[in-house]
Amino acid sequence: MSPVSKSKSLLDLAARCEPIELLLVDVDGVLTDGVIAIDDRGVETKHFHVRDGSAFHLWKKAGKRAAILSGRWAPLVDRRAAELGIAPVIQGAPQKGGPFRRLINELGLEARQVCYVGDDLADLPVLGAVGLAACPSDAAAEVREAVHFVSSVPGGRGAIREIVELILKHQGTWENLISGYLAPA
């Protein structure tokens, strides 16, 4: 990428971050590493990264909203969302376009005010509609080509933290939000 193209894409990214009010995320492959582990009793487990959890807390502290839009349904997603104060949680929606439109209408938002983080083909309709489309580094090739920002880390390994930090830095609120952590004890 030439220096002019790089600076133009950075300006575009900053402009896309500015109006974001809702962080909407997929689960498998975004909040998790994409592995669906089921034990002998049929109990499903997922691994969530602690820095993604702290990112949601900072996001909410900034006065922003967060929601989940997942193609699958798993009870532990509701539990994790409740721990992090994420609502609404939409699960079992393999076709995500309709639920996305209903969600933003219910919240009184425009698509340009939404950052959606997805990783696979089912996410493409929503990724193509939002103001800021993002994905983990290990997302499907078609997704990586379609988004505005590709995280440097894979799903379930802090990608949400990186995306939240990116948005809040561009909105000028990051430093104030983390100032309490930077002071010595």
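The exercises below, each with a worked solution, concern a predicted model.

Local features need pLDDT of at least 70 and side-chain atom pairs count only at pLDDT 80 or more, while totals for chains, interfaces and linings use all residues. Residues are numbered from 1 along each chain as its sequence is written, and side-chain values use heavy atoms, with hydrogens and water left out.

**Exercise 1. Determine how many disulfides the structure holds, and why Cys17 and Cys115 do not form a bond.**

Step 1. A disulfide is a pair of cysteine sulfur atoms within 2.5 Å.

Step 2. The cysteine sulfur closest to that of Cys17 belongs to Cys115, at 7.4 Å, which is too far for a bond. Starting from Cys115, the closest cysteine sulfur is that of Cys17.

Step 3. The structure therefore holds zero disulfides.

Step 4. Buried means under 20% relative accessible area, exposed over 50%, and partly exposed in between (1.4 Å probe, protein chains only). Cys17 has a relative accessible area of 0%, so Cys17 is buried; Cys115, at 0%, also counts as buried.

**Exercise 2. Describe the surroundings of strand β6.**

Step 1. Strands (E, at least two residues) are DSSP runs, numbered from the N terminus. β6 covers residues 114-117.

Step 2. In a regular strand the side chains alternate between the two faces of the sheet. Here Val114 and Tyr116 point one way, Cys115 and Val117 point the other way, and all are buried.

Step 3. Two strands pair if DSSP finds at least two bridges between them. Strand β1 (residues 22-25) runs parallel to β6 and is joined to β6 by four bridges, with Leu23 opposite Cys115.

Step 4. β6 also pairs in the parallel sense with strand β7 (residues 132-135), over three bridges. Tyr116 stands opposite Ala133 in β7.

**Exercise 3. State whether Ile90 is buried, partly exposed or exposed, and list the residues that Ile90 touches.**

Step 1. Ile90 lies in strand β5 (residues 89-90).

Step 2. Its relative accessibility is 21%, so Ile90 counts as partly exposed.

Step 3. Contact means heavy atoms within 4.5 Å. Not counting residues up to four places away in sequence, Ile90 touches Ile68, Leu69, Ser70, Pro99 and Leu103.

**Exercise 4. Classify the residues that line the largest pocket.**

Step 1. The lining consists of Asp26, Asp28, Ile36, Ser70, Gly71, Arg72, Pro94, Lys96, Asp119, Asp120, Ala122 and Asp123.

Step 2. A pocket is an open set of points on a 1 Å grid over the protein atoms alone where a 1.4 Å probe fits, with protein on both sides within 12 Å along at least five of seven lines; lining residues have an atom within 4 Å of a point.

Step 3. Ala, Val, Leu, Ile, Met, Phe, Trp, Tyr, Cys and Pro count as nonpolar, Asp, Glu, Lys and Arg as charged, and the others, Gly among them, as polar. The lining divides into three nonpolar, two polar and seven charged residues.
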